[in-house]
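Hi,

Here is the structure I promised to pass on. Have a look at it first, then read my notes below.

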Amino acid sequence: MNIVDPIWYLNKVCSRCEQGDSLTYLRCTQCAAFILICEEELIEFIGLDPNELVYGRDLIDSCSNCDAVNTLRDVTSHEMNELGFAKDAYH
């Protein structure tokens with residue numbers, strides 16, 4: 001049995017792609033930075049506030065904070081809470 005960690009999406013429509021289930025966070029395993037992305041458009045935003053989506057760059061395999069390559073992973077539900085989101089703000 002292969003158990004896969006879930007991807008936690010915000011209960012918010014992305015103003016960039018106008019889709020639901022596309023805004024999520026990644027975390028760098030090197031520097032611990034959080035990155036807000038649109039999974040539909042494969043872009044990352046400047047800052048972490050989903051209410052103020054400002055395009056940053058196309059999503060690539062390096063951290064925009066420390067430039068480490070292949071270090072981005074999906075956040076956990078605990079980390080979503082750490083970012084200030086209640087459990088009913090994401091799924």
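What follows is a quick tour of the sheet, the cores and one loop residue.

Keep in mind that this is a predicted model.

Let's start with the sheet. It is open and has five strands, in the order β4-β3-β2-β1-β5, with antiparallel pairing. At the edges you'll find β4 and β5, each of which pairs on one side only. Going from one strand to the next, the twist averages 45°. If you zoom in on β2 and β3, you'll see an antiparallel pair held over two bridges. C38 has I43 in β3 as its bridge partner.

Now for the inside. The largest nonpolar core has 14 residues, and L10, Y25, C38, F45 and M80 are the ones that touch the most other members. Three elements each give two or more residues to this core: β1 (23-28), β2 (34-38) and β3 (43-46). The largest share, three residues, comes from β2. There is also a second, separate core of six residues, with L26, C28, I37 and C63 among them.

F45 is a good one to click on. Not counting residues up to four places away in sequence, F45 touches C14, R16, L23, L36, I37, C38, L53, V54, Y55 and G56.

Last stop: is T71 buried or exposed? T71 sits in the loop between β4 (54-58) and β5 (72-74). Its relative accessible area is 9%, so T71 counts as buried, the cut-off being under 20%. Leaving aside neighbours within four places in sequence, T71 is in contact with R27, C28, T29, Q30 and C63.

Cheers

Technical notes. Residues numbered from 1 in each chain as written. Predicted model: local features only at pLDDT ≥ 70, side-chain atom pairs only at ≥ 80, totals over all residues. Heavy atoms only, no water. Core = buried A, V, L, I, M, F, W, Y, C linked by side-chain atoms within 4.5 Å. Buried < 20%, exposed > 50% of the residue type's maximum accessible area, 1.4 Å probe, protein only. Helix = DSSP H or I, 4+ residues; strand = E, 2+ residues; numbered from the N terminus. Contact = heavy atoms within 4.5 Å. Pairing = 2+ DSSP bridges. Axes fitted to C-alpha atoms, helices over the stretch in contact; angles between N-to-C directions.
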